[in-house]
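These are my notes on one protein chain. I went through it part by part and wrote down what I looked up.

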Amino acid sequence: NLPRALSEDLIALMLKAAKEKFINLQDGSLEKKTKNLRTLVVLEIIYSTGMRISELLSLPLSDFVNLTDKLQIKGKGDVYRVVVFNKESKSLIDLWLKHRSSLKESIDNKHMFPNKNGSGHISRQIIYKDLSFLSKSIGINNKEISPHNIRHSFATHMLNRGADLRSLQKL
């Protein structure tokens with residue numbers, strides 16, 4: 001079975017809800033603030049770049065520190081490609097980096113999204129749970145909301161807006 005793409009309206013609704021959840025918890029607990037910001041940043045990045053969640057989570061922090069708008073990543077089969085970040089993604093990455101520096105588990109962690117014990121990166125299952133929680137919080141109980149389906153949504157929406165298939169395959 002091929003993954004189904006989510007509608008552009010649904011993606012926009014999820015991004016809006018993730019932003020609102022983060023903004024509304026500015027004075028909340030550090031743990032909830034971290035989770036909400038992480039969900040927003042990951043959602044924005046995987047939708048705007050089409051990266052696989054495993055590619056994103058395994059990237060080292062050092063790749064993001066002096067990020068301009070492009071990043072070379074190693075994908076499946078050790079094939080390298082360049083992903084381009086839009087202004088929104090870049091500003092959210094900068095916000096995450098600032099927030100990340102306040103997390104005790106990130107002190108010696110070399111990953112962009114550190115896990116709680118500080119020895120590695122968070123798992124893709126945690127991101128799946130975060131996205132499920134976000135979708136349920138806005139009244140969408142849809143089992144099709146996953147990082148992989150968001151990646152397919154990126155591709156489908158690009159095709160619908162006139163991108164050629166060859167260029168999209170490179171992305």
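**Entry 1: the strands**

I began with the side chains of strand β1. They alternate along the strand: L71 and I73 point to one face and are buried, while K70, Q72 and K74 point to the other face and are not buried. I note here that the model is a predicted one.

I then looked up strand β2, residues 80-84. Its covered face has R81 and V83, and its uncovered face has Y80, V82 and V84.

How do β1 and β2 run, and how many bridges join them? They run antiparallel, and I found 5 bridges between β1, residues 70-74, and β2. I looked up two of the partners by name. L71 has V83 as its bridge partner in β2, and I73 has R81. L71 and I73 are the buried residues of β1, and R81 and V83 make up the covered face of β2.

I also checked Q72, which is found in strand β1. Q72 counts as exposed, because its relative accessibility is 52% and the cut-off for exposed is over 50%. Its C-alpha atom is separated by 8.9 Å from that of V84, and the two residues are 12 apart along the chain.

**Entry 2: the turn**

Next I looked at what joins the two strands. β1 and β2 form a hairpin, with 5 residues between them. In the turn, G77 has a positive phi of about 70°.

Which residue other than glycine has a positive phi, near 55°? I noted D78. D78 lies in the loop between β1 and β2. With a relative accessible area of 54%, D78 is exposed.

**Entry 3: the aromatic pairs**

I searched the whole structure for aromatic pairs, and the search gave 2. I wrote down one of them, W96 with F113: the ring centres are 5.2 Å apart and the planes are at 35°, so the pair is tilted. The angle falls between the cut-offs, since planes under 30 degrees apart count as stacked and those over 60 as edge-to-face.

Where do W96 and F113 lie? W96 is in helix α5, residues 87-100, and F113 is in the loop between α5 and α6, so the pair ties together parts that are 17 residues apart in sequence. I looked up the accessibility of both residues. W96 is buried, with a relative accessible area of 1%. F113 also counts as buried, at 0%.

**Entry 4: another residue in a loop**

I stayed with the loop between α5 and α6, where G118 has its place. G118 is partly exposed, and its relative accessible area is 23%. Measuring C-alpha to C-alpha in the model, I get 7.8 Å between G118 and I107, which are 11 residues apart in sequence.

**Entry 5: the cavity**

I turned to empty space inside the model. Rolling a probe the size of a water molecule over the atoms shows where empty space is left.

How many cavities of 30 Å³ or more are there? The count came to 1. The largest cavity holds about 50 Å³ of space. Its lining consists of A18, K21, K35, N36, T39, D130, F133 and L134. By class, I have 3 nonpolar, 2 polar and 3 charged residues in this lining. Helices α1 (8-24), α2 (30-49) and α6 each supply at least two residues of the lining.

Two of the lining residues, K35 and F133, came up again in another search. The charged end of K35 sits over the ring of F133, at 4.3 Å from the ring centre.

**Entry 6: a pocket**

My last item was the second largest pocket, with a volume of about 330 Å³. I found 15 residues in its lining, and E31, T34, R38, E105 and K116 lie nearest its centre. Which elements give two or more residues to this lining? They are α2 and α6. α2 gives the largest share, 5 residues. I sorted the lining of this pocket by class and got 7 nonpolar, 2 polar and 6 charged residues.

Definitions and conventions
Residues numbered from 1 in each chain as written. Predicted model: local features only at pLDDT ≥ 70, side-chain atom pairs only at ≥ 80, totals over all residues. Heavy atoms only, no water. Phe/Tyr/Trp six-rings, centres within 6.5 Å; stacked < 30°, edge-to-face > 60°. Helix = DSSP H or I, 4+ residues; strand = E, 2+ residues; numbered from the N terminus. Buried < 20%, exposed > 50% of the residue type's maximum accessible area, 1.4 Å probe, protein only. Lys NZ or Arg CZ within 6 Å of the ring centre and 35° of its normal. 1 Å grid on protein atoms, 1.4 Å probe; cavity = no way out; pocket = protein on both sides within 12 Å on 5 of 7 lines; lining within 4 Å. Points joined across faces, edges and corners; volume = space filled by probe spheres on them. Nonpolar A, V, L, I, M, F, W, Y, C, P; charged D, E, K, R; others polar. Pairing = 2+ DSSP bridges.
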